[in-house]
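Look at the cysteines and at the nonpolar interior of the chain below. The paragraphs that follow take them in that order.

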Amino acid sequence: MARRSARTPATVLALVALGVTVLTAAPSGSPGGSAPAAGPVAAAGVPGTVTLTAAGDYAQNANTRAVLTTTASLAPDANIALGDLSYGDPGGEQAWCDLVTEHVGAGFPFELVAGNHESNGQDGHINEFAACLPNQLPGMVGTYGRQWYVDVPAADPLVRLIAISPALTFPDGTYDYSAGTPRYQWTAAAIADARADGVPWVVVSLHKPCVSLGEYSCDPGTDLTDLLLSTKVDLVLNGHEHLYQRTHQLALRPGCASLATGTADTDCVADADATMVRGAGTVFATVGTGGQSQRAVDTADGEAPYFAASSGLATATWGVLAMDVTETSLSARFVRATGGSFTDAFTITAPTGGNVAPTSSFTSACTALACSFDGSASSDPDGTVASWSWDLGDGATATGATVQHTYATAGTRQVVLTVTDDDGATATATRTVSVTATAPPFAADAFGRTVATGLGTADVGGVWRVSGSTTQYAVASGAAQLKFSTAGRTLDAALPDATSAGTDLALAVSTDKPVTGGGVYLTVGTRRVAGIGEYRANVRLRTNGVVALGLARTAGSTETALVAPAVVPGLTLGTGEQLLVRTQAVGAGPTTLRARVWRAGTPEPTTWQVSVTDATAGLQAAGSVGLNAYLSSSTTNAPFTVRVDDLVARTP
């Protein structure tokens, strides 16, 4: 298949429709000088070759420095940092970035994938790491640090790098990649788009592995893992486990409809050699060897038959996985930086001679009970796909590359697509599709863009409308910023084009300085009815980190308290810590209002802290969402900024 040298407008539009942002960056500069690595050096700079390195679980010690020095000496086109970065205190992100830059040089393409230590602020915040080690690869699509992809090189690419964050908890919640979810669909579309563009290789990076000889089980979930296998992603890179491990080439095939975890199904092993063929399956490599202390490899683990090589505490060797990618081969080897003498190498090559079976691949999208399925990304490396046959999981069948189907009831369905190529060979892909009665978000904004004045356009929901001067608003460092130049001011932001008869609204709020005086008054509007008023949750941030919560309605400029704000027991916020807010307006005649708040990094309360019903006539209608903030006139430390992040509104 001929490769397109640049992403087409249609592709960009399709990805924007999935709620992602297209980012660009200037080409990276040359890395700074450093000592040679102790091991083979990648073929950096060879025409027609892309060189990549990858490692995770770095910390900031002598081992880390050795790994960074080795990474720089390999001069890759990109290094993929597989999460769990500094293992340091929040606020120390810049110092760790400086450590990296000291060893690899300014402008080095040190590309970040979040780990659990920085997704929830435990050891820093991914947004801060992404700000001080920004993307250096042109043409990136998505939210850098969390969920993104990029083709390397940008023109006539040899490899698509895809980074995702399954089972990581961010301020807006845990990222779910179960079948049928928006993030699962985004991943499937990114893979399918690479296949459609004829990009020879696809490499996916995510922090947590699914199969392992270490401590952890399959946190990302088998739905996602089966997606990677069924689309025959060439290589999957992980961190999280403090060791190195690499599987055989695994595949979904006769006898292996889904990858077994906790035990090994040898039917899923497509090739146990170190020399493999592209399109036959997927290799999973965990490279948690960036510097953190290593852990033991459990050679008696039930999943051990999946693995070809491993090294941990007993043979602790720190280093990187280096990969040379050409049109016809992906050659990888573990390059030692310090510690033991462990080594590993494997190669995946393009198939030659004979008929090669096709690849079956499809995406699905469901709104309530209505689903659409698209198998057009299925491909045949040496011919064409001649037919598509669907089993839709409820007794219905269909043919053709694309199918629409409405299920009678909610639930999960096993959907199977069988494709046949022009030589009669077949391939099958199976997906678990979740059919629910709920619609996708009608408003959502991760604020992954940069806007100097105003708030720009939300990921979903249209253009933000703001009150007063647009200079009081900005989007930067992964959050919306409401900037108070003086005390006693009110700022308001709304999405008037995003409306629903019922709303479940969640967002994260923080401040840049300690709260003083009378504090900050936040009203989170769950149902704004134009010309009438709104239902709102009242959140008050007081001195000493105290938080109060109540519920109210407005008519014009008059507010009526439905539940007077009261201090939330046991909840205090430190400066810069995020407060997570979730509030609902459900039903009509009467409407049920409820809300709860909690500190980021702690579990969401299982009960609503405030709840009430109200039947005010003008408010029993569809409405939009918005946020209002007032900085008390007794505040003593203006200028003052309120930050808002990860807003999601959906119909309950």
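Which residue does a disulfide join to Cys256? The partner is Cys268, with an S to S distance of 1.9 Å; a disulfide here is a pair of cysteine sulfur atoms within 2.5 Å. This is a predicted model, in which local features need pLDDT of at least 70 and side-chain atom pairs count only at pLDDT 80 or more, while totals for chains, interfaces and linings use all residues. Residues are numbered from 1 along each chain as its sequence is written, and side-chain values use heavy atoms, without hydrogens and water.

The torsion about the S-S bond of Cys256 and Cys268 is about 95°, so this disulfide is right-handed. Both Cys256 and Cys268 are buried (under 20% relative accessible area, with exposed over 50% and partly exposed in between; 1.4 Å probe, protein chains only).

The structure holds four disulfides, and their pattern is 1-2, 3-4, 5-6, 7-8 when bonded cysteines are counted along the chain. Another of them joins Cys97 to Cys132, S to S 2.0 Å. That link is right-handed, with 45° about the S-S bond, and Cys97 and Cys132 are both buried. In the pair Cys366 and Cys371, the sulfur atoms are 2.1 Å apart. Cys371 has 4% relative accessibility and therefore counts as buried.

Turn now to the interior. The largest nonpolar core (buried Ala, Val, Leu, Ile, Met, Phe, Trp, Tyr and Cys residues joined through side-chain atoms within 4.5 Å) has 102 residues, of which Phe110, Leu161 and Leu237 touch the most other members. Apart from that core lies another, of 52 residues, including Ala480 and Leu551.
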